[in-house]
Amino acid sequence: MNTTHHLNHTGCETAPPHMGAARPAPVGGRRRPQAARSLTVARAALALAGLALLAPACSDPPDRVMIEETRTISPREPQPKINAYDGERFGLHPMSWTVPQGWRQVGPAPMRFVDMRFGPEGEGEAFVSALTGDGGGLLANVNRWRAEMDQEPIQEADLEGMGTMNFLGGPALLVELEGDYRPVGATSARENHRLVGLIQPSTELTFFVKMTGPADLVEQERERFEQFLRSVRVRSTGQS
Amino acid sequence: MTMEPKDVNLAGAGESVGREMRQLKRGRRADKSLAAKVLDVMSSYAVAIVILFLLMIVTFFGTLEQVEHGLYDTQRKYFDSVWLVHELKIGPGWMVLPIPMPGAYLLMGLLFVNMSLGLARRMFKQPRTVGAFVSRSGLIIAHGSILFMLVAGFVSYHFKTEGNMALFEGQVSDQYQSYHNRVVEVRQVHPQPAEGEEPFAWVIDQEWFEDLGRGQNRTFHHPDLPFELQLGDYVRNSMPARAEQGSSRALGGFEIRERPLETESERNLDALRVRAVPHDGGQSVEHWVWGGSIHPLTLNLADGSVYTLELTRRRWQLPFSVRLDEFIHGRHPGTNIAREFISHVTQIDATGEHARIIQMNEPLRDSGFVLYQASFGSEQLASGTERPYSVFAVVRNPSDQWPLWACIAVAVGLLMHFCVRLWLHLAKSMKGHGRRGGRRPKAGAGPVRSDEPAPDQSASPEPATAGAGR
């Protein structure tokens with residue numbers, strides 16, 4: 001049988017034309033199978049690298065964004081405390097307390113740890129403050145409050161007849177006065193007001209708690225005031 | 001002319017055929033469209049090998065990285081990303097070589113495409129006969145199941161929510177919060193929503209503010225909000241303190257002090273500078289919000305409306321409530337080693353209240369949610385007593401059981417394939433044995449007796465007479 005061998009221009013054997021070869025075998029012979037496989041792997045790696053590099057680059061978010069997401073508030077979620085002081089929010093406030101229902105926390109005002117308002121138009125006021133040491137002494141502070149309520153000053157001996165109330169785990173002097181209230185810096189007096197206050201002295205810090213407002217309103221909110229007193233705690237924050 | 005066996009050069013013929021096939025392939029390849037060539041590459045074993053190799057590299061570097069940077073950050077960088085830059089430290093920390101590489105998210109996506117195309121290509125290229133289908137069905141099932149497992153991972157990544165719920169005894173909750181995902185929530189507290197309207201909060205995801213470094217700001221707005229919010233100066237881990245004199249980060253007497261990142265991401269307490277600018281031209285307010293805050297920031301507007309704003313963990317709603325009735329923490333006698341954690345809870349839903357028990361290896365499953373007993377603790381009260389609380393890990397994953405089904409299907413597919421191949425092998429062996437044992441005897445030779453040695457089968461048949469058949 002005759003076997004036909006097809007030679008290209010260099011004398012190398014090539015596929016017969018009827019086999020459909022689009023191009024002749026390369027000069028010098030055919031590629032080695034191992035090299036072909038390596039080339040396929042290399043092509044695949046390059047393709048993947050190209051895809052990775054062409055992956056969408058992180059575009060910078062815009063400077064102005066409309067809020068589109070919302071979350072339904074569950075009825076079981078506790079109500080957030082409104083008007084908490086920065087120190088309170090961060091757990092750096094030296095005290096913790098519960099604001100009575102219907103009262104509103106405001107401030108913070110200078111020298112006041114807690115400052116609240118109550119009443120239909122916020123005409124009632126309650127706050128907690130402190131002075132270092134004995135704060136000037138019990139008698140001086142009681143007479144200061146008496147002066148604000150347009151009352152005559154009392155003597156040292158009169159302090160013994162005054163009542164006490166528990167505050168921060170210890171007895172505090174209870175001061176109850178009625179009259180025309182003129183707070184420090186006020187130009188006119190507020191008639192028919194009532195003052196309920198506590199003074200708790202110590203060697204390091206003297207706490208003052210004071211509630212003022214129209215006499216009827218103060219009497220009406222007395223129970224909530226006492227609830228607030230029972231809720232006050234002093235804590236060690238460990239922060240500067 | 002009859003082709004004589006001794007005239008045939010089998011090796012040469014094979015080489016020629018191989019050469020012709022390769023040229024045929026090249027010819028076909030040259031005739032193929034670009035799309036067809038791309039499909040060939042993307043469905044090839046070579047691409048799969050490269051992808052798996054790169055996945056191995058990413059997994060190796062990610063595993064080393066998480067020792068220093070924690071699981072969450074490493075997962076985001078190496079496994080949730082499209083691409084990343086690994087910093088290879090050379091020497092005792094004196095040289096860092098940045099190595100860009102594709103992230104595992106991209107690689108898994110490419111692997112899915114590669115396996116899908118490979119499966120389709122091989123299915124359609126096989127002879128479309130019942131026999132071919134049966135012989136390949138096991139592999140197809142196994143291959144498809146692995147693809148299904150990749151889909152399960154994709155669904156889990158995009159749709160799974162995971163967090164925790166801490167309850168004191170007697171406390172009820174219907175929410176769980178994320179371990180890692182932070183959001184800013186803005187909520188109107190006054191005036192209250194009208195009758196029939198559900199209260200809600202506007203939510204800004206951390207993806208919108210976590211890139212804001214020192215001095216950088218972004219403004220957020222909504223048509224229903226009477227103010228704009230400018231967020232900036234995001235700090236990943238921080239602690240507030242009373243501001244020192246001259247502090248550049250002081251707001252309202254407090255400042256935020258940056259701290260090193262915790263290895264456990266959930267321990268980081270982030271902070272963000274917030275500035276609310278009313279639309280009516282009123283005075284803007286500027287404060288820090290802190291991830292560890294006890295209370296939210298309050299914004300009092302001139303029109304009397306009140307809003308709260310807080311930086312908190314993302315919260316999700318459950319379709320039912322859970323009340324912790326009793327938490328039992330048993331220890332082995334005489335030791336502090338935990339023996340059991342059992343939470344007696346009441347599940348409250350539209351159908352009523354149902355007593356349930358959640359303990360280790362016995363979660364509560366309902367409505368696609370799973371509550372696991374995760375941890376516990378106690379709070380010291382002022383009276384000196386302790387108030388215990390139980391912590392549940394809550395997971396919602398639509399593809400929770402898919403990997404299990406996929407593994408079972410892979411096992412079934414491989415078992416089927418094994419049985420088919422075993423059957424074919426046995427059938428072939430029996431056929432071949434029958435052919436050898438029943439060899440056609442030579443003319444006139446008579447039957448082969450069992451005590452006679454088998455005739456030599458290696459000798460070539462006697463040549464035909466010259467000229468016959470030509």
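Two residues are in contact when they have heavy atoms within 4.5 Å of each other. Keep that cut-off handy for the first exercise, and remember that this is a predicted model.

**Exercise 1. Find where T219(B) sits, decide whether T219(B) is buried or exposed, and list what T219(B) touches.**

Step 1: start with the backbone. T219(B) belongs to strand β6 of chain B, which covers residues 217-221.

Step 2: check the accessibility. The cut-off for buried is under 20% relative accessible area. T219(B) comes in at 14%, so T219(B) counts as buried.

Step 3: collect the contacts, skipping residues up to four places away in sequence. On the chain A side, T219(B) touches D63(A), R64(A) and V65(A). From chain B, the partners are E228(B), L229(B) and Q230(B).

**Exercise 2. Describe the second largest pocket: its volume, its lining and the elements that supply the lining.**

Step 1: get the volume. The second largest pocket holds about 2200 Å³ of space.

Step 2: look at the lining. There are 48 lining residues, and Y72(B), Q75(B), R76(B), D80(B) and Y157(B) are the ones nearest the centre.

Step 3: sort the lining by class. You get 20 nonpolar, 15 polar and 13 charged residues.

Step 4: trace the lining back to elements. In chain B, the helices α3 (45-69), α4 (71-79), α5 (104-125) and α6 (130-159) each give at least two residues, as do the strands β3 (161-168), β4 (172-190) and β13 (306-331). The top contributor is α6(B), with 9 residues.

**Exercise 3. Take α3(B), one of those pocket-lining helices, and work out how its span compares with the expected one.**

Step 1: α3(B) has 25 residues, and the expected span at 1.5 Å a residue is 36 Å.

Step 2: from first C-alpha to last, α3(B) reaches 35 Å, close to that expectation.

Step 3: pick out the buried residues. They are A46(B), V47(B), A48(B), V50(B), I51(B), L55(B), V58(B), F61(B), G62(B) and E65(B).

Step 4: step past the end of the helix. Just after α3(B), you'll find G70(B) with a positive phi of about 85 degrees.

**Exercise 4. Count the cavities of 30 Å³ or more and characterise the largest cavity.**

Step 1: rolling a probe the size of a water molecule over the atoms reveals where empty space is left.

Step 2: searching the whole structure turns up 4 cavities of 30 Å³ or more. The largest cavity has about 110 Å³ of space.

Step 3: the largest cavity has 13 lining residues, with H180(B), R182(B), Y234(B), R236(B) and S265(B) nearest its centre. Two or more lining residues come from each of α4 and β4 of chain B, and β4(B) has the largest share, with 3 residues.

Step 4: by class, that lining splits into 3 nonpolar, 4 polar and 6 charged residues.

**Exercise 5. Track down unusual backbone geometry at P191(B), D150(A) and N361(B).**

Step 1: recall the baseline. Most residues other than glycine have a negative phi, and most peptide bonds are trans.

Step 2: the peptide bond between H190(B) and P191(B) is cis, with omega about 0 degrees. P191(B) is in the loop between β4 and β5 (200-205) of chain B.

Step 3: D150(A) isn't a glycine, yet its phi is positive, about 60 degrees. D150(A) lies in the loop between α3 (138-148) and β9 (164-167) of chain A and, at 58% relative accessibility, counts as exposed.

Step 4: N361(B), also not a glycine, has a positive phi near 70 degrees. Its loop runs between β15 (352-359) and β16 (364-366) of chain B, and at 80% relative accessibility N361(B) counts as exposed.

Definitions and conventions: Residues are numbered from 1 along each chain as its sequence is written. Chains are lettered from A and ligands numbered from 1 in the order in which they are written. This is a predicted model: local features need pLDDT of at least 70, side-chain atom pairs count only at pLDDT 80 or more; totals for chains, interfaces and linings use all residues. Side-chain values use heavy atoms; hydrogens and water are left out. On a 1 Å grid over the protein atoms alone, a cavity is a set of points where a 1.4 Å probe fits but cannot get out, and a pocket is an open set with protein on both sides within 12 Å along at least five of seven lines; lining residues have an atom within 4 Å of a point. Grid points are joined across faces, edges and corners, and a volume is the space filled by probe spheres set on the points. Helices (H or I, at least four residues) and strands (E, at least two) are DSSP runs, numbered from the N terminus. Ala, Val, Leu, Ile, Met, Phe, Trp, Tyr, Cys and Pro count as nonpolar, Asp, Glu, Lys and Arg as charged, and the others, Gly among them, as polar. Buried means under 20% relative accessible area, exposed over 50%, partly exposed in between (1.4 Å probe, protein chains only). The expected span of a helix is 1.5 Å times one less than its number of residues.
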